[in-house]
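The exercises below deal with aromatic pairs, an annotated segment and nonpolar cores. Work through each task before reading its solution.

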Amino acid sequence: MSVLGCWARSKNIKEAQDGVCEGVGCCQVVLTRNMSDYDAGFNDRYNTTNISTTAGAEYCGYAVMMEADAFRFHTTYLNTTMFWKENAGRVPVILNWVVGNETCVVASKKADSYACRSNNSKCIDSSNGPGYLCNCTDGYSGNPYLTDGCQDIDECAVNVPRPCPGHCINIPGNYSCPNEMPPSSSGPVVLVVGLSTGVVIVVITITGTYLILERKKLAKIKRKYFHQHGGMLLLQEIRLKQGTAFSIFSEAELIQATDKFDDKNILGRGGHGTVYRGTLKDGSLIAVKRCVSMTSEQQKKEFGKEMLILSQINHKNIVKLLGCCLEVEVPMLVYEFIPNGTLFQLIHSDNGCHNIPFSGRLCIALESALALAYLHSWASPPILHGDVKSSNILLDENYAAKVSDFGASILAPTDKSQFMTLVQGTCGYLDPEYMQTCQLTDKSDVYSFGVVLLELLTGKMAFNLEGPENERSLSLHFLSAMKEDRLIDIIDDHIKSDNDTWLLEEVAELAQECLEMSGDRRPAMRDVAEKLDRLCKVMQQPWVPAQHDPEEMESLLGQSSVASLEIVSTGNFSMEKRILQWLLESGR
């Protein structure tokens, strides 16, 4: 026994709508299969007192079993007898019935109870549960449940027009057309070939129609994503700013450039996505970044505008953003290709930076600092990187540093409401003040850069789970060593032999300032770049003694001008010259 029911809410009955039977004034429920009888009624608590859609009218309640497609609810049914009148007290019902509860195989073995009596009948298992039905076989009609119930159909007489243009002969269950039989046996072959050709044409038509519809659907989705990511605004800005070297790539172009994003072209993976090496049709190399996600709706709307701003950054130590692809769910970024890997690989790979002297490391630090100082102080509007680390500093063909990966970048906020964001960055480089406040500022980048300086000084990773507990965090280990006056213990052995101890201490003190817990006590990136610029100039003086007063050095060199930071001796030497210089200096 099954009990089925539904609840038509009595409150807010005026909200009932014609054609809607979903619980307001009307409800419906699907009956189960295998029902032999039924009884409809109302629950004892069903009470229609004082309920009416029209003042003073009586509220009508009724329950009925009928064909679902034949019923359409009208609000007039609630307080009139319109439903009864429209149907004259009778409603259509579709009954599914079967014989017994056995299958055809089992029932046919019981001759005394088998229901399919006619010799020209066939048994069909029920599709709605146990039991079976009887039908007349093809070419017969009538009642299969009677002994002679299924009678032959005279196709030659009942079909109009007749199935044969000439003479038609009726045979039991079928008919024949003797005048149309060809003298040879080629007829069936022609028929088979014709049917096969027809099937092929139908298949091709269906397949072609499907592909066209799918292509239109895909194009619609691509247009949706393009608009969603601010593509129209970006196109408008590009037209207004003629000469902007920024391209909008199609998904097909980037799929072809990366050989369908083959794993062999992967340059690196990070928290914000995967970077692939690609080659455009003109032969130029690119780096394509497939971002992981973009959850903020505001971020999606502003994406195109921000990409245009980032594309206008023109600095020799910043990886150039060439364009983007907006017709995918998460936009893809296209950068210039930088061939010599990352600073992280240079420091921490098996070969490492053992042959790179302190002067070479200082040069890379300066170039990186110049890039960040440009973003903070000279870009308009200012830009915060948000994920400064050694693996985001690339080395070009001349081993000059280029800051990359603006996956975490944001435009500098103009009010405090814009500061709130999800925690982003990399363990070991994260600003502790940012972890507490979720306020990303330019001083957050300064802290992360301080950790990069430590990597260059010590040759150690920013965070190492395999080390002793007190040495897992490079920044904490360094600050502890500085406090205990043990700096020389953690300096990379390969630069301890350099006669530049005081310069090492100067860089260490600069790193210590960058790692201040309070952002207000950290220097600005432009100040960090100035300090490194002065130290680089001192390193280039052949007469600098092993121990020298730093204040005297600064007085000899003078203060570096902020405006002249771009004109420092960190130009793009050839790769051979730069490596040769490092090798010579490492052998001092």
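A residue counts as buried when its relative accessible area is under 20%, and as exposed when that area is over 50%. The model used here is predicted.

**Exercise 1. Classify the ring pair Phe-71 and Phe-83, place both residues, and decide whether Phe-83 is buried or exposed.**

Solution.
1. Ring centres must lie within 6.5 Å to pair, and planes over 60 degrees apart count as edge-to-face. By this rule there are 7 aromatic pairs.
2. Between Phe-71 and Phe-83 the centres are 6.0 Å apart and the planes make 75 degrees, so the pair is edge-to-face.
3. Phe-83 belongs to helix H1 (82-87), while Phe-71 sits in the segment before that helix; the two are 12 residues apart, and the pair links distant parts of the chain.
4. Phe-83 has 12% relative accessibility and is therefore buried.
5. Phe-71 and Phe-83 also belong to one aromatic cluster, together with Phe-73 and Tyr-77.

**Exercise 2. Do the same for Phe-261 and Tyr-276, then find which charged residue lies over the face of Phe-261.**

Solution.
1. The centres of Phe-261 and Tyr-276 are 5.1 Å apart with 75 degrees between the planes, which makes this pair edge-to-face.
2. Phe-261 is in the loop between helix H6 (251-257) and strand E8 (266-270), and Tyr-276 is in strand E9 (residues 273-279), so the pair ties together parts 15 residues apart in sequence.
3. Phe-261 is buried because its relative accessible area is 10%. Tyr-276, at 8% relative accessibility, is buried too.
4. The residue over the face of Phe-261 is Arg-290, at 4.0 Å from the ring centre.

**Exercise 3. Describe the segment that UniProt lists as "domain: EGF-like".**

Solution.
1. The UniProt record, an unreviewed entry, gives residues 112-151.
2. In the model this span is 0% helix and 38% strand.
3. Its end C-alpha atoms lie 22 Å apart.

**Exercise 4. Which helix gives the most to the largest nonpolar core, and from which domains does this core draw residues?**

Solution.
1. The largest nonpolar core has 78 residues, and Phe-358, Phe-449, Phe-478 and Leu-532 have the most contacts inside it.
2. Helix H9 (residues 358-378) gives the most, with 12 residues.
3. At least three residues come from each of domain 3 (232-337) and domain 4 (341-539).
4. Setting aside neighbours within four places in sequence, Leu-532 contacts Leu-362, Ala-365, Leu-366, Ala-369, Phe-449 and Leu-510.
5. A second, separate core has 11 residues, among them Phe-249, Leu-254, Val-288 and Val-334.

Key
Residues numbered from 1 in each chain as written. Predicted model: local features only at pLDDT ≥ 70, side-chain atom pairs only at ≥ 80, totals over all residues. Heavy atoms only, no water. Phe/Tyr/Trp six-rings, centres within 6.5 Å; stacked < 30°, edge-to-face > 60°. Helix = DSSP H or I, 4+ residues; strand = E, 2+ residues; numbered from the N terminus. Buried < 20%, exposed > 50% of the residue type's maximum accessible area, 1.4 Å probe, protein only. Lys NZ or Arg CZ within 6 Å of the ring centre and 35° of its normal. UniProt positions renumbered as here; feature names shortened; annotations may be inferred. Core = buried A, V, L, I, M, F, W, Y, C linked by side-chain atoms within 4.5 Å. Domains from an automatic or database assignment. Contact = heavy atoms within 4.5 Å.
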